[in-house]
Structure formats: C-alpha cells, structure tokens
Amino acid sequence: MTQEELFKKLVAHCKEYGFIFPSSEIYDGLGAVYDYGQNGVELKNNIKSYWWDSMVKLHENIVGIDAAIFMHPRTWEASGHVGAFNDPLIDNKDSKKRYRADVLVEDWMAKQDEKIQKEVEKARKRFGEQFDEAQYLATSPRVADIVSKRDAVHKRFADALNDNNLDELKQIILDCEIVCPISGTRNWTDVRQFNLMFSTQMGSTADGASTIYLRPETAQGIFVNYLNVQKTGRMKLPFGIAQIGKAFRNEIVARQFIFRMREFEQMEMQFFVQPGEEMKWWNEWKNTRMAWHRALGFGDENYRFHDHDKLAHYANAATDVEYNFPFGFKEVEGIHSRTDFDLGRHQEFSGKKIQYFDPERGESYVPYVVETSIGVDRMFLQIMSAAYTEEKLENGEERVVLRIPAPLAPTKVAVMPLVKKDGLPEVAREIIDMLRFDFNVTYDEKDSIGKRYRRQDAVGTPFCVTVDHQTLEDRTVTVRHRDSMEQERVAIDELYRLVDSKVAMRHLLAKVKA
Ligand code: ATP
C-alpha cells in the first residue's frame, strides 16, 4: 500500500468511526473546515490535557489563561499581522488552481531528497551486504549532482523569502520546471501576497461599526495580558503563560485533511525571560517539547527539527518539530524566540508601560519571549497517522487497529457480557459503575465477541473486558489487550488497578519529566 493510499484510508476511517466529519456536510461541506465526532472529541480533549498538564502541572512557573477570540483591532497592527501576515500565492492559468509559491518550492526540494533516497536504495540492492551508505553518499556523482542542485535552489529560495522577492520566487518555480499537478503545465501567473486574516464587523453600521479580526494566533491574547498575569500572579521571571484556543486563517490552499484548516486550534505557551537568556531557554524548550512528542512512543526517528529558512519579523531563532506523516516530514509545532518584539510593540501602540522590574538587576525592561506553538488538529492527525495500522492475523483475518497511546485513547475500557442473559449484563453494568468515575468506559452487547473486539480495535480502546459464566462463580473476567490481543483472567477487584496502570495521564507526564 502506498503512503497516499494509506492516507486516503485514514481519512475514510476518521469519518466511518466518528472521529472527524466535514463541516456542514449535508450542504456538501465547507473548504478546510471540519467537525469532530463522538470519538474525535475525546481524543482531542485528551491531547489538550496532555499538553496542558505538561505545561501547567509540571512547571511551577507556568500558568494558564483563556483569552477572547476577538481583540482590539490595534492589537493586529501592533503585532504586524495587518501589514505582514501574508503568504505568497501563485495561480496556474490552465487549471485555475491556486498554490502557495513557497510550498511548491519546498515540495520540489523534498522530492530531491526522495530522489537521493531512491539512489541509495538502488545502490544497496546492487552492492548487497558490503554496502556502505555514508561512503556512497560522499562519493556518488549522481547524488552529488542532485545535492548541488537542491542546495543552490535552497539558497536562492531562502534569499527570495528574506528579501520578499516575489519575482525571484516565480523564477525559481520556472527554473525548477515545477508543473501544476492538475494541468501538468508551467503556465503560471506572477506571485502575489495574500493576507490570511479573516475580518468581520463589530457593532451595527449605524453607530460606526469597526472592522475586527478573528485571531490568526492565540499568542497575542497572552501578550496583551502579560501585565495582568504578572501582577496578579506576582510572577517572577522566567515564567510562562499557556493557552489553548481557536485561531483562524484564510489559508490559500487547504489540503491534506486537517493538516491545514481555516479554523483550527492552537496550544501556545509564551515564556518570558531576561534579555540575553533567550537562546538558553529556546534550546531548553526545544528539548522539553521533543521529549513531549517522543513520550508517545511512535519512534524517535519519526521526529526531527527543521530550522526556518526565513525568520518571521519578530523572531531571532525559530525551529519546527516535524513528524514523518504519510505525505512526508511536516511541521507539527514551532518553537520561536520572539525577542521583545511583541511586548515592545504593544507598549508602543497602547502607550502603556509593559515592563518587568527586576529586583536583582535593579532595573526595568521589556522581557524577551520564547514560545512553543502547536496545532491541536495537526497533533491529532499526527497521532492518527502513527496509530492507524492494518494487520493480518494468524487465522487469515484482517484487522484495523488504532494504536493510540492508552492515556489518549477516546475510550479506555469496553465491557461486554458474553451473552445478553443469565445475569451477565448486570455484572457488566456493575463493572462499568465501578470504573466510570475515573475512566471513559463503554458497554457493548451486540454481535459476536470477535466482532466487538474489532469494533474496539478500530477506535483504539486499550482494554476489552468480557463477563462470562465463570464470572458468576469466581468474580473473574477476561481482559483482552488491544495491541497484543493477549487475554488474561483477572479478578474484578483487580480491574481498576490494571486499567489505571496503563491509561492514567501521569504515565505519559512522567516520561516528559524524566
Ligand atoms: P505553516 O508553515 O504550515 O503554514 P506556520 O509556520 O504558519 O505553519 P505557526 O504560525 O508557527 O504555523 O503556527 C503554529 C502551529 O499552529 C503550527 O505548527 C501548526 O501545528 C498549527 N497551525 C498553523 N496553521 C494551521 C492551519 N491552517 N491548520 C491547522 N494547524 C495550523
């Protein structure tokens, strides 16, 4: 199965099992907007808890807030979004399809890396056991040729982005002979800038309605509350403010399911530090955030850092955490050193002094900021891509199983009476009543046990508990484990401890803290 087919199956699975639906589907949906279903909302909430707890519970000096989506319009002038929150767009004149010019070039560069990988695989087959990959990469003229072309384009691309040179961006697309995937032609328009913010009116037009924006990032809600939190919480540098909330971007090209949406959710943490200490903290947060990702157990090799080619107007260092999605390594999270840009600009635009009095240094200054910014939805897609597995079983049957880390699984335990009679459903309900205060549990009595197992595998439930006639005699049940499919006999009194030992969030958090 190709990665593309796998991705298609994943999207279909998300819908079939109540994880994600297209928004307003009965009206044929709305571009790049999605709704979360009964299982999706549980997974999403668990992702948010994992992040929130890792920030607020694990750090004495991080507190949370929940700011409004609407903000004073001046906020977005100060932050630079009104002037500079643009993406470069380009249209293909034949297909009339619109693309992000930077993404076209990035995809071209990724293809060069794939080409190199293919050369390596070919050589490996040719040379067999003696193959030395490092030596091959260093000496193969074919590889050298691809690398030098890619590096030359990379340099031109980074320069074009940094100089805001849209003509050069178009020239790179032409020189790389990039074609529109739909029309197959190179008939491109010029590259233009496109502002990504959605705007609306506040107040009635009669009393002079003003244009306000739907926030394109949650960070500004934190910056404008810096003083409020610092004073009321009597916070001392370094300290952080965390927030989870919706953000909106009128993305030019919405593709790849929930990877790029027009309405999405962010989890952001702004960490305020002394000027001059930002690089130390930036490195520290890179490590902490990578540990958070790796604790999920999807394989360290599937994550990497990717430093930005173009620093945003506010940043002096920036890197992305990328995950190996079925469509290649892509950004899940950004870790940015934002200097004193935001607080400094709000100070200038609001006329209010936004500073910190440092008792040790005996002076006041505008703190520097290191931020970690991750999309809930992108994280959701990351987990689903990693968890979705098709397996052939020993008896020839196939199963689809979502290997979601147990603390994030939508449902923790499915309790099933073997038959719908003889008092078995009553015992099953008793077990549910014992577990439901701490865990998400479900009851299922329909179809054969095998079918019920398959249904739970498909939504990632870590434990199935079957109540049978022996239960009535000795108060034991069969516990079946999702990943290994192993079964064991467990006393009802032991169930709570067993479930807790796998599904409690503290197990994941302990790995982050380690
Ligand atoms: P991209 O380069 O993919 O457009 P970005 O660098 O603009 O992303 P940031 O502004 O750094 O993204 O946002 C931080 C995080 O928010 C991203 O790492 C991503 O997880 C999430 N995010 C940003 N835009 C979207 C979107 N349109 N849909 C879903 N998640 C998003």
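Biologist: Helices α7 and α8 (residues 166-175) pack with their axes 9 Å apart, at an angle of about 160 degrees. Why is this pair called roughly antiparallel?

Modeller: Compare the angle with the cut-offs: under 35 degrees is roughly parallel, over 145 roughly antiparallel, 65 to 115 roughly perpendicular, and the rest oblique. The angle of α7 and α8 is about 160 degrees, so the two are roughly antiparallel. Their crossing is left-handed. That means the near helix is turned anticlockwise from the far one by less than a right angle; clockwise would be right-handed.

Biologist: What kind of model is this?

Modeller: This is a predicted model: local features need pLDDT of at least 70, side-chain atom pairs count only at pLDDT 80 or more, and totals for chains, interfaces and linings use all residues. Residues are numbered from 1 along each chain as its sequence is written, and side-chain values use heavy atoms, without hydrogens and water.

Biologist: What counts as a helix or strand, and what is an axis?

Modeller: Both are DSSP runs, numbered from the N terminus: helices are H or I with at least four residues, strands E with at least two. An axis is a line fitted to C-alpha atoms, for helices over the stretch in contact; angles run from 0 to 180 degrees between N-to-C directions.

Biologist: What makes α5 and α7 roughly antiparallel?

Modeller: The axes of α5 (residues 101-127) and α7 (residues 141-162) come within 10 Å and cross at roughly 165 degrees. So this pair is roughly antiparallel too. The crossing of α5 and α7 is left-handed.

Biologist: What makes R249 a polar contact of the ligand?

Modeller: A polar contact is a pair of N or O atoms within 3.5 Å; within protein, one must be able to donate a hydrogen and the other to accept it, and residues adjacent in sequence count only if both atoms are side-chain atoms. A polar side-chain atom of R249 lies 2.9 Å from a ligand oxygen. In the side chain of E251, an N or O atom is 2.8 Å from a ligand nitrogen. A backbone N or O atom of F259 lies 3.5 Å from a nitrogen of the ligand.

Biologist: What is unusual about the backbone at P238 and F257?

Modeller: Most residues other than glycine have a negative phi, and most peptide bonds are trans. The bond joining L237 and P238 is cis, with omega about -10 degrees. P238 sits in the loop between α10 (226-232) and β9 (239-248). F257 is not a glycine, yet its phi is positive, about 60 degrees. F257 lies in the loop between β9 and β10.
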